[in-house]
Amino acid sequence: MLSEKSTATVRATLPAVGAAIGEITELFYARLFTAHPELLRDLFNRGNQAAGLQKQALAGSIAMFATHLVERPDTRPDVMLNRIAHKHASLGVTREQYAVVHEHLFAAIVEVLGEAVTPEVAEAWDEVYWLMANALVAIEARLYAEQQVAAGDVWREWRVAGRIEETADCATFQLVPADGAPAPDFRAGQYVSVQVALADGARQIRQYSLSTAPGSPVRAITVKRVHGGATPDGEVSNHLHAHVRAGDTLRVSAPYGDLVLGDSTAPVLLASAGIGCTPMLSMLEHLAETGHRAPVVVVHADRSPADHALRADHRRLTGKLADAAAHFFYEQGAEEGDRTGLADLDALPPLAPGTRAYLCGPLPFMRAVREQLLARGVPAADIHYEVFGPDLWLAS
Ligand SMILES: Cc1cc2nc3c(=O)[nH]c(=O)nc-3n(C[C@H](O)[C@H](O)[C@H](O)COP(=O)(O)OP(=O)(O)OC[C@H]3O[C@@H](n4cnc5c(N)ncnc54)[C@H](O)[C@@H]3O)c2cc1C
Ligand code: HEM
């Protein structure tokens, strides 16, 4: 909890810091990457940096945490902290690095706000930073311990046992530990980070959801190649598509992620769009394997059946469940039994009471589905989602 003195100072300066936080984080990253170029090359996603997305995510999370401390001091924004900690753990972030971030963040605050940063103001925001950092470090320590790895030591070599072309732009890479040791446990819905060496010497990292169930003999990721157009082509997805074949090795992290199926017998909705189907496939396979008996509704939206990666598995696994229906929505080329247009829950039979919803896809898709779920009386706490990028939704 924030001390009484700092609470008053943070409350008084929150509007000024909030208004300048975009500028502060921009300067922070510039300072951080000047002092430590290796962090931009080998740890941070330089596409997100160029597009300004990570800046927004960091700024939003700090502003939200500070607001929480002064407005609701008896509670903690655990959902947000968990989401960040899982991402950090999948990247191997360590306690020592928080001091490095602190140094450059506070230098940026002083540079942007100037004389307004009195010793009292600096002390109060220092307290905010370390409350947040220590909360994250504690969760990350637990996550490393759960995977039985030393802090930050999450990387292992995996061999690509098979590669399957799913659609024109999506390929599945089947993975087995290169050293023959058992694969680490994970929960359906979780992801791994993959680090690849690029032509310019950078070792960039991206996350990919595991698309098979924890009990499956095959561990797999399904990667959609990102075409740029006005912006550059996606670096890692195109690298994987162009260069990685059966027999190659990949550097893959231990599995993390907080979008996981609860151990419950409740009815389930799995709603995805585009490549957002990957965590849903893992969950679906897990539900089928564990003999889930409550109703399961599968909703998927895509441009066309030909663009729908893992379409046959999506149907096959739904068919294995005791009480499940799949509804596929396509903007074009819908076949018999499919629907034409964008995903629309209002076109489906009512959901069973007590349904837990899991969403993954582009933000406009998830926003629309969430609105429909709330309108149908599904409590916000029962709606879970994954964003395939920095989670700007959470902090907003
Ligand atoms: C938890 C999680 C799970 C995920 N699961 C999956 C999955 O199962 N399957 C999957 O395919 N993906 C998944 N993703 C997405 C994946 O991690 C990558 O983001 C995706 O593959 C794109 O990475 P990339 O390196 O190819 O593109 P990047 O190089 O990161 O580029 C991303 C975007 O930024 C744009 N960009 C780059 N440079 C600039 C610039 N200078 N100015 C403006 N824009 C720029 C690019 O044009 C592109 O549109 C997941 C992401 C997360 C966070
Ligand atoms: C209190 C301190 C910190 C805060 C508030 C913070 C906040 C965040 C947030 C909000 C995200 C986006 C999470 C998401 O995907 O939704 C993130 C991602 C990330 N963080 Fe942190 N972080 C902190 C410390 C650190 C440290 C010490 C490091 C290591 C140097 C670090 C490295 C990263 C990286 C590499 C990503 C992923 C970036 C990307 O892929 O674009 N963070 N962090």
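Trainee: Is Gln148 buried or exposed?
Mentor: Buried means under 20% relative accessible area, exposed over 50%, and partly exposed in between, with a 1.4 Å probe and protein chains only. Areas come from the Shrake-Rupley method, also with a 1.4 Å probe, and only the protein chains shown cover a residue. At a relative accessible area of 75%, Gln148 is therefore exposed.

Trainee: What kind of model is this?
Mentor: Residues are numbered from 1 along each chain as its sequence is written, chains are lettered from A and ligands numbered from 1 in written order, and side-chain values use heavy atoms without hydrogens or water. Local features need pLDDT of at least 70, side-chain atom pairs count only at pLDDT 80 or more, and totals for chains, interfaces and linings use all residues, for the model is predicted.

Trainee: Where is Gln148, and what is its phi near?
Mentor: Helices (H or I, at least four residues) and strands (E, at least two) are DSSP runs, numbered from the N terminus. Gln148 sits in the loop between H7 and strand E1 (155-165). Most residues other than glycine have a negative phi. For Gln148 phi is positive, near 55 degrees.

Trainee: Leu310 also has a positive phi. Is Leu310 buried or exposed?
Mentor: Phi of Leu310 is near 65 degrees. Leu310 belongs to the loop between strand E8 (296-302) and helix H10 (311-319). Its relative accessibility is 7%, so Leu310 counts as buried.

Trainee: Which residue is the protein donor of the iron atom of ligand 2?
Mentor: Donors are N, O and S atoms within 2.8 Å of the metal (3.2 Å for Na, K and Ca); water is not among the atoms, so sites may look incomplete. The donor atom is NE2, at 2.1 Å. The residue lies in helix H5 (residues 78-91). It is the only protein donor of this iron: His88.

Trainee: Which element gives the most residues to the shell around ligand 2?
Mentor: The shell holds 22 residues, and Asn48, Leu58, Lys87, His88 and Asp391 come nearest; a residue is near if one of its heavy atoms lies within 4 Å. Side-chain N or O atoms of Asn48 and Lys87 lie 2.8 Å and 2.3 Å from oxygen atoms of ligand 2. Helix H4 (53-71), H5, helix H6 (95-113) and helix H7 (119-146) each give two or more residues. With five residues, the top contributor is H4.

Trainee: How many residues of the shell around ligand 2 are nonpolar?
Mentor: Ala, Val, Leu, Ile, Met, Phe, Trp, Tyr, Cys and Pro count as nonpolar, Asp, Glu, Lys and Arg as charged, and the others, Gly among them, as polar. Six residues of this shell are polar and two are charged. The nonpolar ones number 14.

Trainee: What share of the exposed area of ligand 1 does the protein bury?
Mentor: Polar side-chain atoms of Ser237 and Thr278 lie 2.5 Å and 2.8 Å from oxygen atoms of ligand 1. A backbone N or O atom of Val236 lies 2.7 Å from an oxygen atom of ligand 1. Taken alone, ligand 1 exposes 980 Å², and the protein buries 82%.

Trainee: Which element gives the largest share of the shell around ligand 1?
Mentor: The shell has 26 residues. By class, eleven are nonpolar, ten polar and five charged. The largest share is four residues, from E4.

Trainee: Which residues does the side chain of Thr222 contact?
Mentor: A polar contact is a pair of N or O atoms within 3.5 Å; within protein, one must be able to donate a hydrogen and the other to accept it, and residues adjacent in sequence count only if both atoms are side-chain atoms. Thr222 is in strand E5, and it counts as buried because its relative accessibility is 3%. Its side chain makes polar contacts at 2.8 Å and 3.3 Å, with the side chains of Thr172 and Ser211.

Trainee: Which element gives the most to the largest nonpolar core?
Mentor: Such a core is a set of buried Ala, Val, Leu, Ile, Met, Phe, Trp, Tyr and Cys residues joined through side-chain atoms within 4.5 Å. This one has 52 residues, and Val10, Leu105, Trp125, Val128 and Met132 have the most contacts inside it. Helix H1 (4-35), H4, H5, H6 and H7 each give two or more residues. With 13 residues, the leader is H7.
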